[in-house]
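Morning, everyone. I have one chain to walk through today, so please pull it up on your screens.

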Amino acid sequence: MTLRTKFTFGALLLTEAALLTSMVVVLVVQRRQNLVRRNQESGVAVERFAEVCRDSVVGRYEIPVVNYMRALSEDPKVRYSLFVEKDGRVRLHSALFRGDRSMVGSFIGSERLADSKGLLRAENGERMLEWARPVNVDGVLFGFAIVGYSEGALDRELLDAMKATIARQALAAVPVSILALGGAFLLAWRLNRSIHDLSQTALRIGEGDLSVRTKADGKDELGSLGRVFNLMVERLQLLQEAREHMTAGLTHDLKAPLAAIHAHAQLLRAQEGDKLKPESQDSIDRILVSARRMALMAEDILDRARLREGGEIHIQRAEISIHPLIDEAVRLLKPAAQDKGLKIENAVDPSLPKAQWDPAMMTRVFVNLLSNAVKFTPRGGTITLKARAKGRGVEVSVSDTGRGIPAADLKHLFTRFMEVRDADGSRVAGSGTGLGLSICREIVAAHEGSIEARSEVSRGTTILIELPLEHEKSPADS
Ligand SMILES: Nc1ncnc2c1ncn2[C@@H]1O[C@H](COP(=O)(O)OP(=O)(O)OP(=O)(O)O)[C@@H](O)[C@H]1O
Ligand SMILES: [Mg+2]
């Protein structure tokens with residue numbers, strides 16, 4: 001379950017629990033109030049009844065009492081009302097309205113004459129709540145006014161009131177729940193977005209891109225987490241820049257002695273070449289090739305540093321033939337391939353048209369790819385180079401029968417400091433700084449081309465490059 005779903009459901013559950021609690025509280029309070037009101041109303045009605053009875057005794061007329069009893073009987077909760085003299089003789093009974101005169105003049109039990117408030121009794125199997133009030137004439141007890149309410153009818157009235165309240169509250173709960181759900185969803189979405197943004201940024205940083213920053217505009221804890229995170233990345237970037245600066249400085253200083261080694265080896269070869277033994281000649285050749293490779297590596301590192309400082313790989317285009325360019329890369333890597341007993345098959349179509357590329361840069365791309373193929377192909381393997389026309393450009397491929405690259409690493413292959421690990425977590429033998437392929441991608445991109453890798457573990461790897469032959473001049477170039 002995603003964080004967003006959990007949060008939304010959690011908030012909804014809390015809202016519903018709060019609504020339910022408030023509903024229960026409202027119902028309890030309302031029931032209590034209704035009970036008090038019901039007692040007050042019944043008390044007032046029987047009090048008034050006692051007054052009407054007293055007036056009728058003083059004035060010697062019964063009609064108002066009859067009328068009042070009739071009015072009382074219109075209340076569906078009232079089952080009967082009666083006016084009783086103090087000795088228990090019934091003067092008037094609401095049964096009269098049903099044409100039943102038998103009650104008038106009869107006697108009722110003395111316990112019924114008590115001045116009770118809400119006395120409970122059973123009448124014809126129905127539970128009654130009976131209210132009685134004394135009727136005093138000139139301060140002397142004359143009799144009692146009694147009203148009997150049906151307890152069932154009273155409870156039903158309470159229940160109906162509760163049902164109406166529940167219905168009202170449920171109706172109000174619908175929009176509240178929708179609002180709560182919407183609010184929770186929005187909040188969860190916002191939280192989720194910040195966390196997602198943070199994890200994506202962390203992922204990019206893990207891939208070596210320290211230029212990315214996470215959004216840190218909120219004033220809440222997530223906002224401050226984002227700011228702290230960005231600060232951390234900034235410091236990391238500064239550290240990396242300092243490290244690259246130092247490496248670039250050292251590399252730059254290496255270039256002069258390297259050039260000297262190369263120049264002196266060349267001089268030695270030219271002046272003494274014929275006099276030397278074949279093994280010594282071979283050693284000089286190896287010195288020359290190695291010095292050349294080291295110079296290319298130094299260039300890689302310096303280019304990297306230039307890019308880090310916001311510069312671009314500088315492309316100096318020239319009209320060149322592709323075939324000799326690839327031959328040059330093969331020539332450079334041949335000694336290393338021979339050492340490992342690898343076969344290099346150069347199947348580049350010699351009839352390819354000329355291209356407008358930077359020869360030095362493109363040589364470095366092919367050297368990088370070939371050097372990887374040599375490094376990661378075990379003894380006895382084969383490396384194949386192909387180039388063919390494709391549309392308005394060419395497709396160059398460097399394939400090997402080497403160790404291959406796991407699918408999980410393949411998608412990060414062209415990121416800087418890429419490092420493929422063995423199954424046991426150790427570094428793959430032969431891996432270098434992990435810059436080669438990222439530089440290749442940048443050089444190819446500067447030539448408006450694309451690069452991709454296809455690989456199968458233990459079967460081999462193919463790096464495919466597509467490049468336009470011609471450069472479409474942008475206004476900035478002119
Ligand atoms: N042809 C290949 N076969 C198997 N693995 C490869 C191949 N090419 C590259 N890799 C893997 O990808 C990683 C990155 O390659 P990349 O050329 O960028 O760096 P590198 O060769 O390790 O170092 P550098 O090129 O900077 O000296 C390598 O370390 C290697 O593990
Ligand atoms: Mg490499």
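Start at a single residue pair: F83 stands opposite L92, which belongs to β2. Keep in mind that this is a predicted model. The two strands here are β1, residues 78-85, and β2, residues 90-93. They pair antiparallel, over 3 bridges. Together they make a hairpin with 4 residues between the strands. In that hairpin, G88 takes a positive phi, near 100 degrees.

Now zoom out. The chain holds 9 helices and 12 strands. The domain assignment splits it into domain 1 at 3-158, domain 2 at 221-307 and domain 3 at 316-477. How far apart are the centres of domain 1 and domain 3? The answer is 101 Å, taken over C-alpha atoms. The overall dimensions come next. Along the principal axes, the C-alpha atoms fill a box of roughly 160 × 50 × 40 Å. The radius of gyration is 51 Å, where a compact globule of 478 residues would have one near 23 Å.

Next, the sheet. Five strands, 5 in the order β7-β9-β10-β12-β11, form an open sheet with mixed pairing. Which strands stand at its edges? They are β7, residues 343-348, and β11, residues 450-456. Each has a single partner strand, so one side of each is left without a neighbour in the sheet. From one strand to the next, the twist averages 10 degrees.

Look at the β11 edge. Strand β12, residues 460-468, runs antiparallel to β11, and 7 bridges join the two. One position to click on is E452, whose bridge partner in β12 is L464. α9 packs on the sheet here, touching β11 and β12. The direction of α9 makes about 140 degrees with that of β11.

There is another helix to show. α7 lies across β9 (382-390), β10 (393-400) and β12. Against β10, α7 runs at about 20 degrees.

Both helices come back at the ligand. Ligand 1 is surrounded by 22 residues. The closest are V420, S431, G432, G436 and L437. Which helices each supply at least two residues of that shell? They are α7, residues 359-375, and α9, residues 436-446. By class, the shell has 9 nonpolar, 10 polar and 3 charged residues.

To recap for the set-up: α9 touches β11 and β12, and α9 also supplies at least two residues to the shell around ligand 1. α7 supplies at least two as well, and α7 lies across β9, β10 and β12. That's my tour.

Terms used:
Residues numbered from 1 in each chain as written. Chains lettered and ligands numbered in written order. Predicted model: local features only at pLDDT ≥ 70, side-chain atom pairs only at ≥ 80, totals over all residues. Domains from an automatic or database assignment. Near = placed C-beta within 6 Å. Nonpolar A, V, L, I, M, F, W, Y, C, P; charged D, E, K, R; others polar. Pairing = 2+ DSSP bridges. Axes fitted to C-alpha atoms, helices over the stretch in contact; angles between N-to-C directions. Contact = placed C-beta atoms within 7 Å. Rg over C-alpha atoms; globule rule 2.2 N^0.38 Å.
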